[in-house]
Every structure is written in structure tokens, then in C-alpha cells.
Amino acid sequence: MPFTHHPTFVTISVIRVNPWTLYSTSTRDAYFCTMVDYLVVGLGLAGISFCEKLEAEGKSFRVISDNSQQASLVAGGLYNPVILKRFTMAWKAKEQLEKAMPFYQGLERKLNVKLDEKIPVLRKFASIEEQNTWFEAADKPGLDYFLSTNIIKNENPSIDAPFGFGEVKHTGRIHTNTLIASYGEYLEQNGLLQKETFDFSCSEAFNDHISYKSIKAKQIVFATGYGLKNSPFFNYLPLNGTKGELLTIKAPDYKETRVVKSSVFTIPLGDDLYLVGATYKWKDKTNMPTEDAKNELLEKLKTFLQCDFEIVNHVAGIRPTVVDRRPLVGQHPEHKNMYVLNGFGSRGVMIAPYASEQLFDYIETGNELDSEINIDRFTKKYYSN
Ligand SMILES: Cc1cc2nc3c(=O)[nH]c(=O)nc-3n(C[C@H](O)[C@H](O)[C@H](O)COP(=O)(O)OP(=O)(O)OC[C@H]3O[C@@H](n4cnc5c(N)ncnc54)[C@H](O)[C@@H]3O)c2cc1C
């Protein structure tokens, strides 16, 4: 394994450490170190879902997170199991939704905040052919639960939709920014969160634990979203990153209470505000909103929204997207107490609770990971770099 993979993180095999060092380290640690089961790096949807699993299972943990990545903060937060381009089910969507719903309800009770808003999604039809394709899809087992067989006539004078809409049921929106803020507060109140950038040069990997500054943890889980690119351990994984931008508009005449999907989504926020998005860009990896994306969103929006509006906000973030469009979950090929939880792409709301449970069960009970998400599918890449 070439040294370049982990230039700052040293694995110390116990037999190579001289006894004096071992003794003095443990004496110092007895005074200054906190020993926990897990250190979690990153507090987006992935980190939160994993912490929840840890807490539910009685594991001790600490979290280190900064604000370098914004995906979970800016996300539209939609959960919708249907791919609206092709009218097919998203990967393992039903299974994920079944885990996600009780998960967010549990968080609402624990944090005493409103997170889940049930909202139907209306897919605007572009033609009679599209209506027919929708009806065929709505007949299929699995999809029949989500796709309504009624065509919804457009009665909103602010929308141009002569062929009407198909309705996706059992969909909604998680207020992800409220979740991140209130979960962060919860952790801080309990002394479990350090707001800082994980400094790889302050960490060491031992056979049976990881040390980071004053923390010793049996396992470390990196849930850093697109920040994985800066990890000397996991940057061999093919995480592409797709920039997404969203506008918030104020449109007092729009009067729409449902999510509308045309060439872009509009998502009602209340008080005449709507999210409009999102863009997909592969080159720019910054969190800076751009004029180009704004213009693209406005152009698409104006193809169906016919009332006046003003832009009141514009945000951007990087979706942690993977070459094969499956999450990145599992154990580092060499450092056995180091794990990754990442690659949720554009569906973090639904995937996070499912993938976290998979990872936890894998570490603690030895359950096999779903082979589609296991990072061992890229192990060859690690050794060939
Ligand atoms: C515009 C946009 C719209 C979206 N809309 C939806 C949607 O409607 N529905 C949906 O399901 N998904 C949506 N997504 C996708 C969703 O946001 C992601 O799948 C999800 O947020 C990824 O979560 P994560 O925790 O893996 O990563 P992140 O949210 O990026 O969180 C990673 C965390 O780790 C921290 N971190 C990174 N590196 C370090 C480090 N070295 N030290 C300390 N901390 C670090 C980051 O600052 C961040 O807090 C959208 C994404 C975008 C950009």
C-alpha cells in the first residue's frame, strides 16, 4: 500500500511500541483522555443518522464537525420514492422509506421540533403520451402504492399545465436545516459536539482504538459528505460530487400548497415563499451560488410559472454522488477501526437512516453489508493507486 494514502495518520502496532511509551501514554490518557465507543466526523444527514443509531444502542460517542459542506443544510429535503423522469422506483426506496419515517418522527419527539411535512408531489405532464406512460407505471406492483391513477386537472391560474398532473402519494419534506441546527444544539448541550475541522495530523490509529486530540475511540466513522475528498484514507473512493443550487422566491399569487415538478421543482415553504431547484453541475465544487445557475433556474421556472415573483435567497451545496450511484459504506481496507458513511447523492433524506443501520449492524453484529453499498467494491482501486 503506497504511503500517500495516509501521510499524516500513523498506524502503530502495539508490538512495535516500546514499553515506556506505552506506559507513559496510558498514564497521561488516564488523566486527559475521554474513551468512547465511537468518534463520528461530520454532522449532516449521515452523521446524525449514525449518532441516533449509536444512542439507541447505548454506545458512547463524540462528534467533530465543521461547516465546510452544506448539502444537508441547503437540501430541499424531499422524500419521494419515484424517479419522476422515468416513472420508476428509486433504488430500495420502499425499504428506505419504511425506516426513514419512524426515524424522523422519533427525532421530532426527541428534539421537540417539526421536521416532517407531508406534501404530495405533482408531476406536470408534457403530453398525452406521458399521461399514458404514467398510467402504465401506476399499474405496476410497488409503484401502484405511490402513483395516483387520477389525472389532476390544473386549476391554478399561475401555472401553465394543459395536460395536467400525476400525483405521487406518501411523499413529503424533511426540514433538514432545522434538523441540523437542533441536533447540533442537542449534542452541544450534552457535551458531545466539537465544532472544528477534523485535523488528520492530530490523530493516530492503534490496533484497538483511534486517538484524536483528547479523545480515544474504539471506532471512527467518517460521514463528511463531499469533504471525503480531503481524507487521506478514503479519497481513493470514486466520489464525484454534484453541485446543486436552489432559489427561494416570494410569489404571493402562486397559492400552491403542493410540490410541483416540471423542468424544476417548486416546494411551498409557507408565507408565499417557495424553493425552486435544483441544478446539477459536475465541474464547480464550491458552495458559492452562481449567476449561471440562477439564470438556468429562472429560465426553467418561467416555462410554467406565470405569476410575478421576486428572489429572496439563493444557496448551493455539493451532493455526495458516486460513480455507480450507490452509497459508500464500510470499513477501510487496512485500518480496521475506520469506517465511512457517504455517497447518498440526491436522496440523503431517505437513504441516511437505512445506510446507518447497515453500517452499525455490520460493525457491531458482523452482519454482511448490502453488497451494493459496501466500499469493498472499490478495494482494487485502493491498492492500485
Ligand atoms: C441543492 C441540493 C438539494 C438537495 N435536495 C435534496 C432533497 O430534496 N432530498 C434529498 O433526499 N436529498 C437532497 N439533496 C441531497 C442531500 O442533501 C445529501 O444526500 C445529504 O445531505 C448528504 O448528507 P451527508 O451527511 O452525507 O453530507 P453533508 O450534508 O455534506 O454533511 C457532511 C458534514 O461533514 C462536515 N465535514 C466535512 N469534512 C469535515 C472535516 N474534515 N472535519 C469536520 N467536519 C467535516 C461538513 O461540514 C458537513 O457538516 C440535495 C442536495 C443539494 C446540494
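**Exercise 1. The ligand shell**

Find which residues come nearest among the 35 around the ligand.

*Solution.* Start with the list of neighbours. D66, S72, L78, F198 and G345 come nearest to the ligand. Keep in mind that the model is predicted. Next, sort the shell by residue type. It divides into 13 nonpolar, 18 polar and four charged residues.

**Exercise 2. Polar contacts of the ligand**

Work out how S72, L78 and V349 each meet an oxygen atom of the ligand.

*Solution.* A polar contact needs a pair of N or O atoms within 3.5 Å. Take S72 to begin with. One of its polar side-chain atoms sits 2.5 Å from a ligand oxygen. Now go to L78. Here a polar backbone atom is 2.9 Å from an oxygen atom of the ligand. Then check V349. Its backbone N or O atom lies 2.9 Å from a ligand oxygen. Now turn to the surface. Alone, the ligand exposes 1000 Å², and the protein buries 95% of that area. Last, list the elements that give two or more residues to the shell. They are helix 2 (45-56), helix 3 (71-74), strand 16 (242-250), strand 20 (310-319) and helix 8 (348-365).

**Exercise 3. Place the ligand among the domains**

Explain why the ligand lies between domain 1 and domain 2.

*Solution.* Write down the bounds. Domain 1 covers 9-73 + 178-239 + 324-384. Domain 2 covers 120-170 + 242-319. Both domains give residues to the shell around the ligand, so the ligand lies between them.

**Exercise 4. Read a sheet**

Give the strand order of the open sheet of three strands, and say whether its pairing is parallel or antiparallel.

*Solution.* The order is 4-11-7, and the pairing is antiparallel. Look for the edges next. Strand 4 (78-79) and strand 7 (116-118) are the edge strands, as each pairs on one side only. Then follow one pairing. Strand 7 and strand 11 (residues 172-174) are joined by three bridges. Within this pairing, E117 stands opposite R173 of strand 11.

**Exercise 5. F87 and its partner**

Determine what kind of aromatic pair F87 and W134 form.

*Solution.* The structure holds 19 aromatic pairs. In this one, the ring centres are 5.1 Å apart and the planes make an angle of 80°. Planes over 60 degrees apart count as edge-to-face. The F87 and W134 pair is therefore edge-to-face. Now locate the partners. F87 is in the loop between strand 5 (82-83) and strand 6 (88-89), and W134 is in helix 5 (residues 128-138). The two are 47 residues apart, so the pair links distant parts of the chain. Finally, check the backbone of F87. Its phi is near 60°, a positive value in a residue other than glycine.

**Exercise 6. A cis peptide bond**

Find where A278, joined to G277 by a cis peptide bond, lies.

*Solution.* Omega of this bond is about -5°. A278 belongs to the loop between strand 19 (273-277) and helix 7 (291-301).

Conventions
Residues are numbered from 1 along each chain as its sequence is written. This is a predicted model: local features need pLDDT of at least 70, side-chain atom pairs count only at pLDDT 80 or more; totals for chains, interfaces and linings use all residues. Side-chain values use heavy atoms; hydrogens and water are left out. A residue is near a molecule or strand if one of its heavy atoms lies within 4 Å of it. A polar contact is a pair of N or O atoms within 3.5 Å; within protein, one must be able to donate a hydrogen and the other to accept it, and residues adjacent in sequence count only if both atoms are side-chain atoms. Accessible areas come from the Shrake-Rupley method with a 1.4 Å probe; for residues, only the protein chains shown count as cover. Helices (H or I, at least four residues) and strands (E, at least two) are DSSP runs, numbered from the N terminus. Ala, Val, Leu, Ile, Met, Phe, Trp, Tyr, Cys and Pro count as nonpolar, Asp, Glu, Lys and Arg as charged, and the others, Gly among them, as polar. Domain bounds come from an automatic or database domain assignment. Two strands pair if DSSP finds at least two bridges between them. Rings of Phe, Tyr and Trp (its six-membered ring) pair if their centres lie within 6.5 Å; planes under 30 degrees apart count as stacked, over 60 as edge-to-face and the rest as tilted.
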